[in-house]
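Reader: Could you take me through one part of this model in some detail? I would like a close look at a sheet and what packs around it.

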Amino acid sequence: MLPFLVGLLYLVSGRTVRAQDATGSRFFCSAIPADADPSCSFDPNGNRVQSTSPVEDELRNTILQLRETILQQKETIVSQQGTIKELNSKLARCEAAAEDSAGRSRGQSSRRKDYSKNTMGDLPRDPTETIDQLGKTMQGLKGRLENLEQQQLRANTSAAAAAAAGGNAVGPLPAELRELLKHRLGALEGQLLRKVAELEEEKSQLYNETAAHRQRTESTLTSLLERITELERSNNAFKSPEDFKVSLPLRTNYLYGRIKKSLPEMYAFTVCMWLKSSASPGIGTPFSYGVPGQANEIVLIEWGNNPIELLVNDKVAQLPLSVSDGRWHHICITWTTRDGFWEAYQDGERLGTGENLAPWHPIKPGGVIILGQEQDMVGGRFDATQAFVGELSQFNMWDRVLRPVDIMGMANCSSYMPGNIVPWIDTNVEVMGGASKAALEICEDRMFEP
């Protein structure tokens with residue numbers, strides 16, 4: 001038995017010889033006892049003589065399996081060494097990139113981050129995504145190192161088993177290499193932590209800069225709005241509060257003016273205004289007053305080829321006025337609830353009178369006065385075909401019937417009487433939908449008319 005063990009040790013220690021001839025055949029040499037015939041174990045017919053000992057066959061198979069296991073472990077270790085080289089190369093590139101980044105940062109007087117700079121693979125530009133990506137990279141490297149250590153541990157276990165069986169073992173991964181990997185991994189972790197801290201600081205700086213920029217923008221916009229308001233006030237600061245006109249250049253259902261004041265209950269009224277229009281057919285609706293339940297409480301309208309009409313409580317009277325020649329005209333309309341008596345003046349001259357226009361009807365309070373549109377409901381539902389096209393000025397309203405001499409004085413510019421119910425002043429008139437207000441001195445403007 002001793003000679004057999006000596007031969008087995010001889011085989012495992014590496015003295016086993018394998019050879020291959022030119023045809024690819026494999027030759028094996030086997031250990032034999034010291035007192036055995038050293039000639040090759042083949043019979044005269046060339047057939048191999050099989051061992052008659054089952055213990056020897058079992059040992060031989062065990063040795064072959066151990067050899068295959070050792071060869072596989074060698075291949076695994078070679079693959080692990082390649083992985084370690086790749087990791088070392090990547091760590092070196094990371095360190096070089098970090099050193100280059102630090103050198104450039106020291107060379108600048110005011111450091112400014114470039115988010116398109118890629119210091120560790122393809123990192124996202126957003127700081128939060130960058131932090132997440134660096135953390136994932138760190139976890140990946142740790143996982144790879146743990147896998148390497150586990151694989152090496154398994155390799156060491158297999159090698160120890162092989163050594164116990166035959167004595168030909170592959171040595172474990174050098175301790176120096178493991179320490180180098182741990183050192184570099186620790187350095188990389190520190191670098192990543194510093195990078196995360198820098199990104200957090202820069203994120204805070206960017207937030208502060210954004211807040212400051214937003215505050216400056218809001219301040220600038222506030223100043224601009226204040227300036228615009230001042231300019232609007234200066235443009236609206238007419239020579240006198242009544243020296244302006246409202247222009248309604250298009251026949252639409254959205255251009256109009258609105259009187260901010262409403263009317264009290266009245267039993268008589270006088271309405272006077274300057275207007276200029278050359279629209280055809282019909283100038284439209286210079287003004288309308290609607291109240292809840294009656295949109296046509298007071299309306300002055302010229303619609304289509306019909307004459308100018310005055311409506312009171314939806315009752316109609318035709319007026320003998322003609323103002324569609326494109327020149328400024330002063331018109332006044334008076335009405336009293338007693339017998340429904342009315343008068344119509346043009347340029348200071350009374351052109352017509354009548355009665356029985358909504359007699360004994362009081363004008364209802366709380367309505368809306370619209371310039372340039374006829375109301376189908378209070379304050380709205382305008383009809384473009386009934387819209388006024390032209391210019392209006394000095395719309396005044398009284399709760400009484402004015403004397404003819406007062407009306408003549410306003411028409412020839414010898415006097416001016418603001419309405420005691422609705423005076424024509426800038427702050428009392430607002431324009432909508434593209435209508436505009438402009439300065440106008442009506443008496444001077446009439447002097448230059450053709």
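Author: Gladly; what follows goes from the chain as a whole to one sheet, its strands and its surroundings. This is a predicted model, in which local features need pLDDT of at least 70 and side-chain atom pairs count only at pLDDT 80 or more, while totals for chains, interfaces and linings use all residues. Residues are numbered from 1 along each chain as its sequence is written, and side-chain values use heavy atoms, with hydrogens and water left out.

First, the setting. The protein chain holds six helices and 18 strands; these are DSSP runs numbered from the N terminus, with at least four residues for a helix (H or I) and at least two for a strand (E). Of its 450 residues, 35% count as buried, a word that stands for under 20% relative accessible area with a 1.4 Å probe, protein chains only. A contact means heavy atoms within 4.5 Å, and among contacts with a separation of 6 or more, 67% are between residues 24 or more positions apart.

Now to the sheet. Seven strands form an open sheet in the order E12-E11-E10-E5-E16-E3-E18, with antiparallel pairing; two strands pair if DSSP finds at least two bridges between them. Strand E12 (349-354) and strand E18 (436-439) are at the edges with a single partner strand each, so one side of each has no neighbour in the sheet. On average, neighbouring strands are turned by 25 degrees against each other, direction ignored; the axes behind such angles are lines fitted to C-alpha atoms, for helices over the stretch in contact, and angles run from 0 to 180 degrees between N-to-C directions.

Strand E5 (residues 268-276) pairs with strand E10 (residues 329-336) over eight bridges in the antiparallel sense. Along this pair, Met273 stands opposite Ile331, and Val271 has Ile333 as its bridge partner. E10 is mostly covered, with seven of its eight residues buried. On to E11: E10 pairs with E11 over six bridges, again antiparallel, and Trp335 stands opposite Trp342 there. Four residues lie between the strands of this hairpin, where Asp339 takes a positive phi near 65 degrees.

Across E5, E10, E11, E12 and E16 lies helix H5 (residues 404-411), running at about 160 degrees to E10. Its buried residues include Asp406, Ile407 and Met410. Cys413, which follows H5, has a positive phi near 65 degrees.

The largest nonpolar core has 43 residues; such a core is a set of buried Ala, Val, Leu, Ile, Met, Phe, Trp, Tyr and Cys residues joined through side-chain atoms within 4.5 Å. Phe269, Met273, Leu319 and Phe395 have the most contacts inside this core, and E5 gives the most to it, with four residues. Leaving out residues up to four places away in sequence, Phe269 touches residues including Ile298, Ile333, Trp335 and Met397.

Finally, which strand holds Gln394? Gln394 lies in strand E16 (residues 390-398) and is buried, with a relative accessible area of 11%. Its side chain is joined to that of Trp274 by a polar contact of 3.4 Å; a polar contact is a pair of N or O atoms within 3.5 Å, where within protein one must be able to donate a hydrogen and the other to accept it, and residues adjacent in sequence count only if both atoms are side-chain atoms. Beyond its neighbours within four places in sequence, Gln394 is in contact with residues including Met273, Trp274 and Tyr416.

Note on methods: Buried means under 20% relative accessible area, exposed over 50%, partly exposed in between (1.4 Å probe, protein chains only).
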